[in-house]
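Work through the following exercises with the sequence and the structure at hand. Each task is followed by its solution in steps.

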Amino acid sequence: MAREVIGLFLRSLENDYQQRLRDDALAKASHLGLRVQVFAAQNDPARQAAQIEKAVSGAAAADLAAVLVSPVYDEALAEPARAAAVAGIGWALLNREAQYLEGLRRDHPALAIFSATPDQVEIGRLQGRQVRAVLANGGRALCITGPASTSSARRRLQGMQEELGEAIPVSVLEADWTSEGARLALERWLETEGIGPALPHVVCAQNDDMALGARQALRDAGSRRADSALSEIPVTGCDGSPGFGQRLVRERRLLATVEVPSAAGRAMEWIARARAGVEHPPPIVTLPVSSVPPLHEIAARRAS
């Protein structure tokens with residue numbers, strides 16, 4: 001019997017974008033004649049690696065066509081990926097890239113091994129253009145990134161820095177993709193560095209969860225300092241799902257976000273095409289991204 005199970009290994013189901021990956025995969029499976037088994041690692045890289053290793057080596061491996069994984073830590077999955085390839089199981093990274101994929105593709109050319117990811121550098125460039133729209137008359141920006149160990153965080157920051165150059169100073173603060181992690185990181189930064197001229201005129205977070213946490217930290221700091229200007233610092237995010245990030249923009253809790261499509265459905269389409277012998281996936285399947293609202297509307301929203 002042909003393998004028909006896709007193992008979907010997510011960082012956490014408490015994150016809106018991770019939920020979108022799950023929902024997209026489940027919806028696409030019904031059209032492709034595949035079944036999806038969903039696993040969540042609660043942002044624990046060791047747990048995620050163990051979940052994959054168990055699925056690849058367990059009794060269910062005979063039905064496992066491919067692993068789709070949104071990594072907690074990119075390079076931690078090199079060994080589970082090799083084990084999957086040896087077992088004849090495809091492998092797709094979602095929203096990330098990793099150096100080990102090149103060797104796996106070379107050693108296992110018959111398997112679908114690839115990354116499916118939004119254009120991470122373009123995400124950063126769009127966030128940089130959003131910052132430019134806010135700071136048309138100059139100012140400072142603070143960028144809250146995901147973990148520096150993740151390719152998506154590095155590439156988004158790269159894109160923003162390329163876009164802004166030296167024209168707009170950018171401070172960088174690392175968090176963990178979660179709302180609470182960003183809130184605590186910004187709270188500490190405001191206590192030690194965010195004083196007077198060091199205060200940003202806009203905060204840009206690399207996902208909407210962190211943007212929401214940043215907004216709360218600014219409001220809390222404004223209350224403690226009796227400084228309403230802190231709570232009015234605009235905050236932008238990224239992911240832009242209709243029910244979360246775009247809703248926050250409509251409610252004016254965020255000034256802007258970047259709409260990032262789910263990579264899960266596209267990855268499953270490529271796996272199905274490879275299984276049918278139609279076409280093999282390229283090393284990286286790139287998805288387009290867009291600003292919400294459009295860039296030309298951001299300055300007007302800020303002024304209103």
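**Exercise 1.** Check whether the span of helix α11 agrees with its number of residues.

Solution. Helix α11 comprises twelve residues, 264-275; helices (H or I, at least four residues) and strands (E, at least two) are DSSP runs, numbered from the N terminus. The expected span is 1.5 Å times one less than the number of residues, so α11 should span 16 Å. Its end C-alpha atoms are 17 Å apart, which agrees.

The model is predicted: local features need pLDDT of at least 70, side-chain atom pairs count only at pLDDT 80 or more, and totals for chains, interfaces and linings use all residues. Residues are numbered from 1 along each chain as its sequence is written, and side-chain values use heavy atoms, leaving out hydrogens and water.

**Exercise 2.** State which residues of α11 are buried.

Solution. Buried means under 20% relative accessible area, exposed over 50%, partly exposed in between (1.4 Å probe, protein chains only). The buried residues are A264, G265, A267, M268, W270, I271 and A272.

**Exercise 3.** Identify what gives the most to the largest nonpolar core.

Solution. A nonpolar core is a set of buried Ala, Val, Leu, Ile, Met, Phe, Trp, Tyr and Cys residues joined through side-chain atoms within 4.5 Å. The largest has 31 residues, and I6, L68, L94, F114 and M268 have the most contacts inside it. Elements supplying at least two residues each include β5, α11 and β11. Helix α11 gives the most, with five residues.
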